[in-house]
Amino acid sequence: MIGTHGRVQFSPHQGLAATLPGGAGWPPTHEAMENQTRSVRRRRTATQARTRTGSLPGPVPILETVHDVARSLCFVEGRGAPLDAAVAGVMALLNSDGVAILTRERRGEYLFVKADGILGEWQGFSLSGEPAQMLDALIERDDIVLFKRAQRSPWAREFLFAAGMEWGALAPVRVREERVGAMLVNQVTAPHVRSEHAAGLMTLATLAGVAILEARRHAKSEEIFMGVIVSLTMALEAKDPYTEGHSVRVAAYSEAIGKQMGLPPAALDTIHRTCLVHDIGKIAVDEAILTKGSPLSEVEREKMDMHVLIGESILKPLRILHPLLPGVRSHHENFDGSGYPDGLKGEEIPLEARVLAVADAFDAMTTDRPYRVALSEEEALAELRRTAGRQFDPRVVAAFEQIFPAVKRTLQNLRPRRP
Ligand SMILES: [Fe+2]
């Protein structure tokens, strides 16, 4: 059965205006965020108590719930919070057993970006085929759908995900003309849904859409920042034919090592990005030191060693690059504690830094330098083996040995031009 409802435009809640960007409550504090989550949970508990007597919340609690979720959009920390609040809001609104938010990755493909309750296990899964096509149609129509298992509708067949669920609802997630995704509700028993609940669901879905678009905007900014930093690193390396392409090769080796070690995709991504910018601090090191054709003096070595701290301080102001800081700071630490800048030992050294160190050393050894010619790949590998346990993490060196044949095959494409 397809349910329809009239769109309700809620009047701005008086308290809401004060907490929107530019208002007196902006920016919100961590404490405010905590209070926010507690507030939505309190309402949910109150709703559950009401539902035991068979009724859903009235217009005022609905408005309060919507208000809470709208406030959560103001949070600048913890970008998961607005979607958590939207899901908790729907739980409170309909006393739901399961709520999920799906984003449209492309036409005919959706991703469960947030799922709670009985639908919680779906988080991270994608959806394609007929149900995804039905969601495409839902978004185009821009209206909610209510369905019961007993009615045997295609909606009930495709969207009552959990066993024992008898009732469901789907709301399109649209923000202006952006088709963002859909919000799914599953319940054991059918509630008595009035127009204000339908309107509340639609509004919460729209708020979730605003949060998703905001998160995407952040991600885009992050990519732009990252692009600028990587360009700077490339420009720095390109000035010196001995180091040209160094970071790209180190990133390729490190990612292959990480995969061999079974690291999850998020860790591989962090390692890859860290490698691309790991020597950004050299931008502040005297060019005469960087390109010196003989071993460095003690003073020059000290200045050179500063590049790990300078790199960290360059990236630090950009919070979105913080996951890269440990690798940048610690990529010259040695496994036996003899490295710099902190003299960390063994597993005190962040894993990404231990991986990077092996890849960095291999590339340095197999590349011509002003003061020596390159070692062969086999000679460099033997050197890594020899110093495993002292300079390098033996586990990382072992992983590198495993991927070495593949590295060797692809090395030709990544080699720098000869000076
Ligand atoms: Fe370095």
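This is a guided tour of a predicted model, going from its metal site to its sheet, its nonpolar cores and a few unusual backbone positions.

**The iron site**

Begin by selecting the iron ion together with Asp 279, His 307, His 331 and His 332, which coordinate the ion at 2.2 to 2.4 Å, the aspartate through OD and each histidine through NE2. If you then look along the sequence, you will find these donor residues spaced as D-x27-H-x23-H-H. With the four donor atoms displayed, consider the angles that they subtend around the iron ion, which run from 83 to 171° and therefore make the arrangement irregular. Two of the donors deserve a second look with a surface switched on: His 331 is buried, with a relative accessible area of 2%, whereas His 332 counts as partly exposed at 22% relative accessibility.

**The sheet and the helices on it**

Next, colour the strands and find the open sheet, in which six strands follow the order S3-S2-S1-S6-S5-S4 with antiparallel pairing. At its edges are S3 (126-128) and S4 (145-148), each of which pairs on one side only. As you rotate the view, note that neighbouring strands of this sheet are turned against each other by 25° on average, direction ignored.

For a detail within the sheet, select residues 98-106, which are strand S1, and residues 109-117, which are strand S2; these two pair in the antiparallel sense over eight bridges. Within this pair, Ile 101 stands opposite Lys 114 in S2.

Now add helix H5, residues 130-141, which lies across S1, S2, S3, S4, S5 (167-175) and S6 (178-187), and which runs at about 60° to S5. Helix H7, residues 195-238, packs on the sheet as well, where it touches S1, S5 and S6, and its direction makes about 50° with that of S5.

**The nonpolar cores**

In soluble globular proteins, nonpolar side chains tend to be buried together. To see the largest nonpolar core here, which has 40 residues, show the side chains of Ile 257, Val 277, Leu 315, Val 358, Phe 362, Leu 384 and Phe 400, the members that touch the most others. Several helices each supply at least two residues of this core, among them H7, H8 (246-260), H9 (265-277) and H16 (394-414). The helix that gives the most to this core is H14, with eight residues.

Centre the view on Val 358 and display what surrounds this residue: leaving aside its neighbours within four places in sequence, Val 358 is in contact with Ile 257, Leu 384, Phe 392, Val 396, Val 397 and Phe 400. A second core, separate from the one just visited, has 28 residues, including Ala 169, Val 173, Val 175 and Ala 205.

**Unusual backbone positions**

Finish with three stops in loops. In the loop between H13 and H14, select Pro 341, which a cis peptide bond with omega of about 10° joins to Tyr 340.

Move on to Asn 95, in the loop between helix H4 (81-94) and S1. Although Asn 95 is a residue other than glycine, its phi has a positive value, near 50°, and with a relative accessible area of 17% Asn 95 is buried.

The last stop is Arg 152, found in the loop between S4 and helix H6 (154-159). Arg 152 has a positive phi of about 50° although it is not a glycine, and at 76% relative accessibility Arg 152 counts as exposed.

Definitions and conventions:
Residues are numbered from 1 along each chain as its sequence is written. This is a predicted model: local features need pLDDT of at least 70, side-chain atom pairs count only at pLDDT 80 or more; totals for chains, interfaces and linings use all residues. Side-chain values use heavy atoms; hydrogens and water are left out. Donors are N, O and S atoms within 2.8 Å of the metal (3.2 Å for Na, K and Ca); water is not among the atoms, so sites may look incomplete. Four donors count as tetrahedral if all angles lie between 85 and 135 degrees; four count as square planar and six as octahedral if opposite donors are over 155 degrees apart and all others between 65 and 115; anything else is irregular. Buried means under 20% relative accessible area, exposed over 50%, partly exposed in between (1.4 Å probe, protein chains only). Two strands pair if DSSP finds at least two bridges between them. Helices (H or I, at least four residues) and strands (E, at least two) are DSSP runs, numbered from the N terminus. Axes are lines fitted to C-alpha atoms, for helices over the stretch in contact, and angles run from 0 to 180 degrees between N-to-C directions. Contact means heavy atoms within 4.5 Å. A nonpolar core is a set of buried Ala, Val, Leu, Ile, Met, Phe, Trp, Tyr and Cys residues joined through side-chain atoms within 4.5 Å.
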